[in-house]
Number of protein chains: 2
Amino acid sequence: MSEEKQTVEQNETEEQEIIEEQAAADEQQEETNESELLQNQINELQGLLEEKENKLLRVQADFENYKRRSRLEMEASQKYRSQNIVTDLLPALDSFERALQVEADNEQTKSLLQGMEMVHRQLVEALKKEGVEAIEAVGQEFDPNLHQAVMQAEDENYGSNIVVEEMQKGYKLKDRVIRPSMVKVNQ
Amino acid sequence: MSEEKQTVEQNETEEQEIIEEQAAADEQQEETNESELLQNQINELQGLLEEKENKLLRVQADFENYKRRSRLEMEASQKYRSQNIVTDLLPALDSFERALQVEADNEQTKSLLQGMEMVHRQLVEALKKEGVEAIEAVGQEFDPNLHQAVMQAEDENYGSNIVVEEMQKGYKLKDRVIRPSMVKVNQ
């Protein structure tokens, strides 16, 4: 085979190898791109997943807090459910107790009074059942949480800062003062 | 170059090519495996993401339902908050109204009665403010939602199925009957 022909053949093989190498490189590049693409896609998905996970945790936490808060609200609203109506009933109870002070001078009034005293007991009983209780005042140490001082006295029979008279009865609904006692306090 | 040498060389190149091809194939296989792995990972992540998304939607829906339900419960519990205490007060109100029936035969009883009638009005006013109202009975068409028939009458002055007498007053709290009227109904 003449030298010239050999060089031509050699050149052709070299060219062929270059082409193949180029093709291989291209293919290699393509594959790297594809892997990179897939890897990017994976990173993106992992980011989305983490985001979704955090959001789920947040919504679950909000939900639990809401449940706890609405349970507490319901309990509080149940505990003091009758506050409005009891507050509105107190003036009638005051009038009732004033009306019962009368000294009967005849049998009919006496029997009416007895009937009314029974009604009054029923009313107080119904209120008590709901947690309504009168606040103790006379003879007690003055307590700003329970009593409202409207007058002062100087009475040796009582110690200082002791309630000597109750001008208007106070009431509590369970642990909540719904109306403080109006009292006269000793100096 | 002797033919023998040429064949040896040729064999070597062919072997070389086979090895290269094998290496290329291996490399190709490896890349395919890697892509497959990445693709599997992507599918898995997409599955997880979908799962997380569904769970998030479910928790959000549960949360909204819970909010709506607890709001309705709170509204209902507020609307009928005084039902217990009102139900307990009714016997006292009954006794009160019976006691007020007395015919005063002297001034003291008359004045006590007037005082007690005022107290009674205050009580009824306080109950009314909370939505408590007496159920109309006498002269009304008998209504099983409002009235409880305890006796029957035959009275030409009334039409059939008309309430002729109220044995015990009934009460509603807003739109809820807390005690039906006990009545006598005309045949």
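**Accessibility and salt bridges**

Student: What is the relative accessible area of A:Val150?

Tutor: A quick setup first: this is a predicted model, where local features need pLDDT of at least 70, side-chain atom pairs count only at pLDDT 80 or more, and totals for chains, interfaces and linings use all residues, while side-chain values use heavy atoms, without hydrogens and water. Residues are numbered from 1 along each chain as its sequence is written, with chains lettered from A and ligands numbered from 1 in the order in which they are written. Buried means under 20% relative accessible area, exposed over 50%, and partly exposed in between (1.4 Å probe, protein chains only). A:Val150 counts as partly exposed, and its value is 39%.

Student: Which residue of chain A forms a salt bridge with B:Glu53?

Tutor: A salt bridge here is a side-chain nitrogen of Lys or Arg within 4 Å of a carboxyl oxygen of Asp or Glu. For B:Glu53 the N to O distance is 2.5 Å. The pair joins two chains because one partner lies in helix 1 of chain B and the other in helix 1 of chain A (helices being DSSP runs of H or I, at least four residues, and strands runs of E, at least two, numbered from the N terminus). The partner is A:Lys52.

Student: How far apart are the closest N and O atoms of B:Glu64 and B:Lys67?

Tutor: These two are three residues apart in helix 1 of chain B, so about one helical turn separates them. B:Glu64 is partly exposed at 45%, and B:Lys67 is partly exposed at 27%. Their salt bridge has its closest N and O atoms at 3.5 Å.
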